[in-house]
Amino acid sequence: MIEYIKGEIAELGPANVVIDCNGLGYAANISLNTYAAIQGKKNCKLYIYEAIREDAYVLYGFADKQERELFLLLISVSGIGGNTARMILSALSPAELINVISTENAGLLKTVKGIGLKTAQRIIVDLKDKIKAGGTAAGTAGMTGISFTAANAQVQEEAVAALTMLGFAQAPSQKVVTAILKEDADAPVEQVIKLALKRL
């Protein structure tokens, strides 16, 4: 079992990363929170969850143990798979997710793409006591303070690429991203994707 991977960031996108660990490249799916935490760094350490199925062997990487803990709780809920859990952790920071579950805010959870009211309620019912019992502290892995020098066009390109990787069609993704950048031309890529996830 892989606990974590530590190495040089060989490739990085808003939805995945390749870490070079002594000449071996590990590809891992990541959330926007993790992307924001490691963006701009040369090396990183990611806590890993291995999803081993008959047809695939997928790694999910997390910048901190708390996010991985929340991911494991989410996939324990019936009907929530790895990609849906990653989508939730991309739309909400760990602190926001803990707050949403503990305050039973199904309406906010429902704004995440692919989460209907019944699923949102199921997540809250299944995880409310586990979050309180586990004493999961509200994380500080917020999305603030990330400086982007990338040009507007690059932000748009990265945001659309990430959204298509998350399963959205390219045309509507492009449209929504363009609209968001018109409203705020200096928005960092993870903020653009977060807003897009709520609109698509």
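## Cysteines

C44 counts as buried in this predicted model, because its relative accessibility of 8% falls under the 20% cut-off. C21, in contrast, is partly exposed, with a relative accessible area of 23%. As for bonds between cysteines, the structure holds 0 disulfides.

## Confidence

Before you look further, here is how the predictor rates its own work. The protein chain averages a pLDDT of 85, and 90% of the residues score at least 70. Residues 135–150 are a stretch to treat separately: pLDDT stays under 50 there. For that stretch the model has 30 contacts beyond four places in sequence.

## L89 and its surroundings

Let's move to helix α3, which spans residues 82–91 and includes L89. L89 is buried, with a relative accessible area of 1%. Which residues does L89 touch, leaving aside its neighbours within four places in sequence? The contacts are S31, N33, F62, E67, L70, F71, L74 and L97.

One of these partners, L70, lies 19 residues from L89 along the chain, and the C-alpha atoms of the two are separated by 8.4 Å. Another of the partners is L97, a buried residue of helix α4.

## One side of helix α4

Helix α4 runs over residues 94–102, and its buried residues are P94, L97, I98, V100 and I101. They sit on the same side of α4, because they cover an arc of only 160° around the axis. In general, an α-helix has 3.6 residues a turn, so residues three or four places apart point the same way.

Just after α4 comes E104, which takes a positive phi of about 55°.

Technical notes: Residues numbered from 1 in each chain as written. Predicted model: local features only at pLDDT ≥ 70, side-chain atom pairs only at ≥ 80, totals over all residues. Heavy atoms only, no water. pLDDT = per-residue confidence, 0-100. Contact = heavy atoms within 4.5 Å. Helix = DSSP H or I, 4+ residues; strand = E, 2+ residues; numbered from the N terminus. Buried < 20%, exposed > 50% of the residue type's maximum accessible area, 1.4 Å probe, protein only. Disulfide = S-S within 2.5 Å. Arc of directions from axis to C-beta.
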